[in-house]
Amino acid sequence: MEISPFNLQEQQLTNEYLQYADEMLAVRKNLLGYPANEDSGMSGFYNWYIQSGLADSLMNNAGDCYAPSHFDLSSHRYECKVIDYFADLLQFAEDYWGLIGTGGTDGNNHGVYFGKKILWERTGELPIVYTSAEAHYSNMRLADLQGLQVKRIPADAEGRMDVASFAKALAPNKPALVIYAIGTTFKGAMDDVAALEEIIRQKSVKNIYRHFDAALFGGYLPFTRCKDLVSQKLWHYDSLAISGHKFFGIDEPCCVFVCRKEVFDAQQNSNIPYLESSMPMISCSRSALTPLKMYWLLKTKGWYYYARLALVCIKNAEYLHKELLKLKWPAWRNNASNIVYFKRPAEEIMHKYSLAKDCDKRLGGNLAHIVVMPHVKQPLLERFLKDLAKEIVGQER
Ligand SMILES: *Cc1c(COP(=O)(O)O)cnc(C)c1O
């Protein structure tokens, strides 16, 4: 039988990839340190994708999903449905606009950019960016890239922006772009928005843009009793970003960005003739696959599934925190958070469970954390706790 060289290569590569997959799945088995939901469950989607024939073609979501487009090989209609779903979850009290982007960083980039442009338009001045020292590093980098002055406000030991320091730093006569950390990456701390807003009110800062960086927490909070913490109706934020691969477990990095329609309308872009729609987003080409995946998950899993999942993550985080304290191992967990941070264990454990590192002198120095994602179930936590207990016995000997 004659074998074409291409088929041969594909077969060889398949074998190589299978070995590679085994290696990756071995890492996945113990993954505790990162805010990624490893229970993606996208096989059904991929079956459809292959069967439909679309797996052998290219689609592209360039342009605004709400605007009429002449490039119809897109999933814009599903992108709109996903944005609508999130606007509803987030209790948007006014008209909104949104996009599905490449990750939380991309969502924050749109927040900073849209904020900068609308404040510039209103005042002719560039805003000062305020963000906590424990907010995700992307916010600092994005503000830097966009040429904005940043005031990095110290955080308290729990990881929240320090209110007194914010009061001291806030310039009353300058436009302000405040990035609220709704779940910091390491400690899972939520900035005290009510207290910080009170400072803004007292100082009567007139031109202000509020962006919620809710990469992880924005995924599960809307399904819990704490849903008001990300309510647009309540906090009147201008924009918010959520990562799709974190709580929801989309199998590739992506984000949902939603903003007030007024913010979108202020973006003043000249129409780009060949797309016949406005191009306010930063990237031109965007994935058409991601909105299809998101809609697939939201629809096939359903609201009750995510509500239960959110609850299980919080319960498991509570369990882990309690067990660590039983072992007399210094450990902390913030309100409504699925992140438990604690004194850093030995390197062997850090490596085995892919734990991330941080350091805070106020909490005794070296720290590690576990992000209790949907794939982090009791048996895995018990395995980790057993390993830690062994380390403690070893130390006592
Ligand atoms: C993960 C995270 C980000 C970055 O999101 P990516 O999807 O990794 O780009 C931003 N902010 C917070 C709070 C995060 O947890």
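**Reading salt bridges in a predicted model**

Me: In this predicted model, the side chains of Lys187 and Asp360 meet in a salt bridge, with N to O at 2.5 Å. Where in the chain do Lys187 and Asp360 lie?

Reply: A contact counts as a salt bridge when a side-chain nitrogen of Lys or Arg is within 4 Å of a carboxyl oxygen of Asp or Glu. This pair links distant parts of the chain, since Lys187 sits in the loop between strand 4 and helix 7 (193–202) while Asp360 belongs to strand 10 (residues 356–360), 173 residues apart.

Me: Is Lys187 buried or exposed, and what of Asp360?

Reply: Buried means under 20% relative accessible area, and both Lys187 and Asp360 are buried.

Me: How many salt bridges does the rule give?

Reply: The count comes to 23 salt bridges. Among them, Glu125 pairs with Lys174, the closest N and O atoms being 3.2 Å apart. Glu125 lies in the loop between helix 4 (104–123) and strand 2 (128–132), and Lys174 in the loop between helix 6 (163–169) and strand 4 (176–181), so this salt bridge ties together parts that are 49 residues apart in sequence.

Me: Which accessibility class do Glu125 and Lys174 fall into?

Reply: Glu125, at 29% relative accessibility, counts as partly exposed, and Lys174, at 36%, also counts as partly exposed.

Me: Which residues are linked in a network of salt bridges?

Reply: Such a network links Glu94, Asp238, Arg260 and Glu262. As a further case of a pair, Arg160 and Asp156 meet through their side chains at 3.1 Å, N to O, and Arg160 is partly exposed at 29% relative accessibility.

How values were computed. Residues are numbered from 1 along each chain as its sequence is written. This is a predicted model: local features need pLDDT of at least 70, side-chain atom pairs count only at pLDDT 80 or more; totals for chains, interfaces and linings use all residues. Side-chain values use heavy atoms; hydrogens and water are left out. Helices (H or I, at least four residues) and strands (E, at least two) are DSSP runs, numbered from the N terminus. Buried means under 20% relative accessible area, exposed over 50%, partly exposed in between (1.4 Å probe, protein chains only).
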